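Work through the exercises below with the model open. Each task is followed by a solution in steps.

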Amino acid sequence: MIQPASRVREVQEYYFSRKLKEVAELNAEGQDIISLAVGSPDQPPSKQTIDKLCEVAREAAGHGYQPTMGTAELRGAMADFYKRWYGVEVDALTEVQPLIGSKEGVLHVTLAFVNPGEQVLVPDPGYPTYTSLSRLLGAEVVTYDLREERGWQPDFDALERMGLGRVRLMWTNYPNMPTGGNARRETYVRLVDFARRHGIVVVNDNPYSFILNEGEKLSLLQVPGAKDCCIELNSMSKAYNMPGWRVGMCISNPTFISWILKVKSNIDSGTFRGIQLAAAEAMRTNTDEWHRRYNIEVYRRRRVLAEEILTLLGCRFDRAQVGMFLWGKIPEKYADAEELTERVLHGARVFLTPGFIFGSNGRRYVRISLCAKDERMAEACDRIAALEW
């Protein structure tokens, strides 16, 4: 009897992969499920981004293999992106590595820094991929708590009490998904100090800093000395409405980037040239007005509707959240979040995300995505309001 590799038993099928099959079956039965679960922007990239893709696609010489390290145009645009929005100087040749989406970066960074049996610090609640990929690669996952009363920031006193001798990486994600906790400069300063003192590489996943975030955009790499011991991942999926294009970036010091490139060059052969040059065009030419319209104004309208939905469900939430989700704590009458989300799915035909998929500290929370048209979110409100509770 043929059996899968043992690593396959270390993970389950991704929640959304499994649940979306069920939603598809319900839709096939004519249920018309409104999905407010997945964070996939439904708006288009800028016109010039699409035009550049089409222009390059028509070039006869533009369809060959591309360098794994990325084109000079894309690396330069990514370095300029960090200078323009975060005030961070980045060497385009040695300190930036384009990625096929930042999810790929989680894989490559773990392969480059963590041996089987070594430990990785993962936030709870946090992005499930930090845990699943670590386990697939034979690392031991050690969770650290994020709590609402601390604004979803790390408890550094608790971290210091942990046995850190086998820890190689620490994953952070600010602005935080799923909680909406915003980045804080004092958190970043403490993370760099923690990394340096313990010989741990801190990796900050930073794709949400544009969404509903009208203040200063923060990066871990703004802290002096951060590049020496830290890595930052970023993405064009959210802020540029390009989730299916799979364009991300990894920023760090030249040595770390060279190790990550060594791994990546043995796995893929680079992204289509048209996508790379179109991504560079977006980063260089999308205006402040474009970002305000698509990353602030649209999501602000939808956020009002999401808050109405959570209010109807009796959930409590922090209005200071940022990002493209709204995170709310469920009423005490429910055993856990899944009890509530299943009731909403089958009673109101609205798909919400139960917080347990992000870790045990999310068990009593639900997450609403703002990546649905205003009219569909309004309809979701009406359906939930009509439920007999």
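**Exercise 1.** In this predicted model, find which residues of helix H5 (residues 128–136) are buried, and what covers them.

*Solution.* Start with accessibility: a residue counts as buried under 20% relative accessible area. In H5 the buried residues are Pro128, Thr129, Tyr130, Thr131, Leu133 and Ser134. Next, look for the elements in contact with these residues. The cover includes two elements that lie before H5 in residue numbering, helix H4 (102–113) and strand E3 (119–124). It also includes strand E4 (140–145), strand E5 (167–173) and strand E6 (201–205). Finally, check the backbone just after H5, where Gly138 has a positive phi of about 85°.

**Exercise 2.** Describe how helix H1 (residues 15–28) packs against helix H12 (residues 337–348).

*Solution.* Take the geometry to begin with: the angle between H1 and H12 is about 20°, and their axes are 12 Å apart. Angles under 35 degrees count as roughly parallel, so H1 is roughly parallel to H12. Then assign the handedness: the crossing of H1 past H12 is right-handed. Now list the residues in contact. H1 contributes Lys19, Glu22 and Leu26, while H12 contributes Glu342, Leu345 and His346. Sorting the contact of H1 with H12 by class gives 2 nonpolar, 1 polar and 3 charged residues.

**Exercise 3.** Establish how many residues of strand E10 (residues 325–329) are buried, and in which sense E10 pairs with strand E9 (residues 316–317) and with strand E13 (residues 365–369).

*Solution.* Begin with burial: 4 of the 5 residues of E10 are buried, which leaves the strand mostly covered. Turn to the pairing with E9, which is antiparallel and runs over 2 bridges. Here Arg316 stands opposite Lys329 of E10. Then take E13: E10 pairs with E13 in the antiparallel sense too, over 5 bridges. In this pairing, Phe325 is opposite Ser369 of E13.

**Exercise 4.** Locate Val223, decide whether Val223 is buried or exposed, and list the residues that Val223 touches beyond four places away in sequence.

*Solution.* Val223 sits in the loop between E6 and helix H8 (226–229). Its relative accessible area is 10%, so Val223 is buried. For contacts, leave out residues up to four places away in sequence; Val223 then touches Tyr188, Val189 and Val192. As a last step, take a C-alpha distance: Val223 and Leu191 are 32 residues apart along the chain, and their C-alpha atoms are separated by 9.5 Å.

Notes
Residues are numbered from 1 along each chain as its sequence is written. This is a predicted model: local features need pLDDT of at least 70, side-chain atom pairs count only at pLDDT 80 or more; totals for chains, interfaces and linings use all residues. Side-chain values use heavy atoms; hydrogens and water are left out. Buried means under 20% relative accessible area, exposed over 50%, partly exposed in between (1.4 Å probe, protein chains only). Contact means heavy atoms within 4.5 Å. Axes are lines fitted to C-alpha atoms, for helices over the stretch in contact, and angles run from 0 to 180 degrees between N-to-C directions. Angles under 35 degrees count as roughly parallel, over 145 as roughly antiparallel, 65 to 115 as roughly perpendicular and the rest as oblique. A crossing is left-handed if the near helix is turned anticlockwise from the far one by less than a right angle, and right-handed if clockwise. Ala, Val, Leu, Ile, Met, Phe, Trp, Tyr, Cys and Pro count as nonpolar, Asp, Glu, Lys and Arg as charged, and the others, Gly among them, as polar. Two strands pair if DSSP finds at least two bridges between them.
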